[in-house]
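Biologist: Please take a close look at one residue of this protein. I should like to know how exposed it is, what surrounds it, and how its surroundings fit into the whole chain.

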Amino acid sequence: GGVEACGALLLFTRYRIYAVGALLVVMVGAIYTHVNSGQAPMSGLALVMIILLVMSTWIARKSNSHSF
């Protein structure tokens, strides 16, 4: 829980890329755990979180590239 909480807080700082990286690792681990324990349908939320993290990082990067 600590990594997720710190990652969530760091998403709104200049260390966003590190937070996204850490949260992606946690979410991939969650998917792996669900699939190996026979609960593959439960991994959907983690997959949605990965998609949202990637999309938000891409959007933030696009918006920062236009600033001077």
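Modeller: Leu 24 is partly exposed, with a relative accessible area of 23%. A residue is called buried under 20% and exposed over 50%, so the value of 23% places Leu 24 in the class between them. The model is a predicted one, and the values that follow are computed from it.

Leu 24 belongs to helix α2, which covers residues 16–36. Setting aside residues up to four places away in sequence, Leu 24 touches Ile 50, Leu 53 and Val 54. Helix α3 covers residues 44–64. The C-alpha atoms of Leu 24 and Met 49 give a further view of this region: the two residues are 25 places apart in sequence, and their C-alpha atoms are 8.4 Å apart in space.

Leu 53 leads from Leu 24 to the interior. With the same sequence neighbours left out, Leu 53 touches Leu 11, Val 20 and Leu 23 as well as Leu 24. The largest nonpolar core has five residues, namely Leu 11, Ala 19, Val 20, Leu 23 and Leu 53. Helix α2 gives the largest share of this core, three residues. Because a core of this kind is a set of buried residues, Leu 24, at 23%, does not qualify for it.

What does the rest of the region look like? Ser 43 lies in the loop between α2 and α3. Ser 43 is buried, at a relative accessible area of 11%, a value under the 20% cut-off. Beyond residues up to four places away in sequence, Ser 43 touches Ile 31 and His 34.

Helix α3 also holds Ser 56 and Ile 59. Ser 56 is partly exposed, with a relative accessibility of 27%, and Ile 59 falls into that class too, with 48%. Ile 59 takes part in a nonpolar surface patch of about 530 Å², together with Leu 47, Ile 51, Met 55 and Trp 58. As for distances along the chain, Ser 56 and Asn 36 are 20 residues apart, and their C-alpha atoms are separated by 29 Å.

At the start of the chain, Gly 1 lies in the segment before α1, a helix of residues 2–10. Gly 1 counts as exposed, at 79% relative accessibility. The C-alpha atoms of Gly 1 and Val 26 are 9.9 Å apart, although the two residues are 25 apart in sequence.

The whole chain may now be considered. The protein has three helices and zero strands, in the order α-α-α along the sequence. Its radius of gyration is 14 Å, whereas the globule rule gives 11 Å for 68 residues, so the protein is more spread out than a compact globule. Along the principal axes, the C-alpha atoms fill a box of roughly 50 × 20 × 10 Å. Buried residues account for 18% of the 68 residues. The accessible surface is about 5200 Å², and carbon and sulfur atoms make up 74% of that surface. Of the contacts between residues at least 6 apart in sequence, 31% join residues at least 24 apart.

To return to the request, Leu 24 is a partly exposed residue of helix α2, and one of the residues that Leu 24 touches is Leu 53, a member of the largest nonpolar core.

Definitions and conventions:
Residues numbered from 1 in each chain as written. Predicted model: local features only at pLDDT ≥ 70, side-chain atom pairs only at ≥ 80, totals over all residues. Heavy atoms only, no water. Helix = DSSP H or I, 4+ residues; strand = E, 2+ residues; numbered from the N terminus. Rg over C-alpha atoms; globule rule 2.2 N^0.38 Å. Buried < 20%, exposed > 50% of the residue type's maximum accessible area, 1.4 Å probe, protein only. Contact = heavy atoms within 4.5 Å. Areas by Shrake-Rupley, 256 points an atom, 1.4 Å probe, with all protein chains shown as cover. Core = buried A, V, L, I, M, F, W, Y, C linked by side-chain atoms within 4.5 Å. Patch = residues over 30% accessible without salt bridge, like charges linked within 9 Å, V, L, I, M, F, W, Y side chains within 5 Å. Salt bridge = Lys/Arg side-chain N within 4 Å of Asp/Glu carboxyl O.
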